[in-house]
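Me: I am new to this structure and would love a guided close look at one part of it. Could you take me through the stretch that leads up to the helix, and then the helix itself?

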Amino acid sequence: MVEDTSPAHSSEEEEEEEEEEEDDGEIRCICGRDVDKGLMIQCEKCEVWQHGSCLGIKSDKQVPDDWFCSDCQQELEKVIFFFNNVLKVILIVLWYFRIVLLLNLLMNLC
Ligand SMILES: [Zn+2]
Ligand SMILES: [Zn+2]
């Protein structure tokens with residue numbers, strides 16, 4: 001038994017043309033000028049554009065794969081600093097527990 005499932009009518013195509021807002025990511029360079037000029041580099045995190053020349057980058061080859069603007073770099077440094085401190089605390093706690101464990105072992109031996 002074969003059921004003939006022919007489409008009655010093609011679904012209406014809703015073409016959404018939202019190409020008016022093409023400038024996603026504003027230009028926020030360290031130089032303070034929002035001019036699209038020369039080699040532009042976009043931040044991976046906040047999608048802000050900065051001038052390559054202002055960052056000492058002159059060619060496409062010099063652009064790193066994951067580049068972060070100065071603001072995001074500061075944020076990242078804060079996060080790294082925070083995690084380093086957390087790691088230190090964890091290590092100290094572990095060290096402390098190891099001493100407690102050793103003391104317990106010694107107490108049991110006596
Ligand atoms: Zn600039
Ligand atoms: Zn950024």
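Reply: Here is a walk along the chain, with a short overview before the close look.

Please keep in mind that this is a predicted model. The protein has one helix and two strands, and along the sequence they follow the pattern β-β-α. Of its 110 residues, 5% count as buried. Among contacts between residues at least 6 apart in sequence, 24% join residues at least 24 apart.

Let us begin in the segment before strand E1, where isoleucine 27 is found. Isoleucine 27 counts as partly exposed, because it has 17 C-beta neighbours inside 10 Å, and a residue needs 20 or more to be buried. Leaving aside neighbours within four places in sequence, isoleucine 27 is in contact with Asp34, Asp36 and Trp49. There is also a link in space to histidine 51: the two residues are 24 apart in sequence, while their C-alpha atoms are 8.5 Å apart.

Next comes the loop between E1 (40-42) and E2, which holds glutamate 47. Its backbone is worth a pause, since phi of glutamate 47 is near 60 degrees, a positive value in a residue other than glycine. For context, most residues other than glycine have a negative phi. Glutamate 47 counts as exposed, because 11 C-beta neighbours lie inside 10 Å and the limit for exposed is 12 or fewer.

Past E2 (49-51), the chain enters the loop that runs to helix H1 (70-109). Two residues of this loop make good stopping points. One is cysteine 54, located between E2 and H1. Cysteine 54 is partly exposed, with 15 other C-beta atoms within 10 Å. Setting aside neighbours within four places in sequence, cysteine 54 is in contact with Cys29, Ile30 and Cys31. Its C-alpha atom is also separated by 9.7 Å from that of methionine 40, 14 residues apart along the chain.

The other stopping point is proline 64, in the loop between E2 and H1. Proline 64 is exposed, because it has 9 other C-beta atoms within 10 Å. Look from there towards isoleucine 41: these two residues are 23 apart in sequence, and the distance from C-alpha to C-alpha is 9.4 Å.

That brings us to the helix. H1 has 40 residues and reaches 58 Å from its first C-alpha to its last. This is close to the 58 Å expected at 1.5 Å a residue. How many of the residues of H1 are buried? The number is zero, so H1 lies largely in the open.

How values were computed. Residues numbered from 1 in each chain as written. Chains lettered and ligands numbered in written order. Predicted model: local features only at pLDDT ≥ 70, side-chain atom pairs only at ≥ 80, totals over all residues. Helix = DSSP H or I, 4+ residues; strand = E, 2+ residues; numbered from the N terminus. Contact = placed C-beta atoms within 7 Å. Expected span 1.5 Å × (residues − 1).
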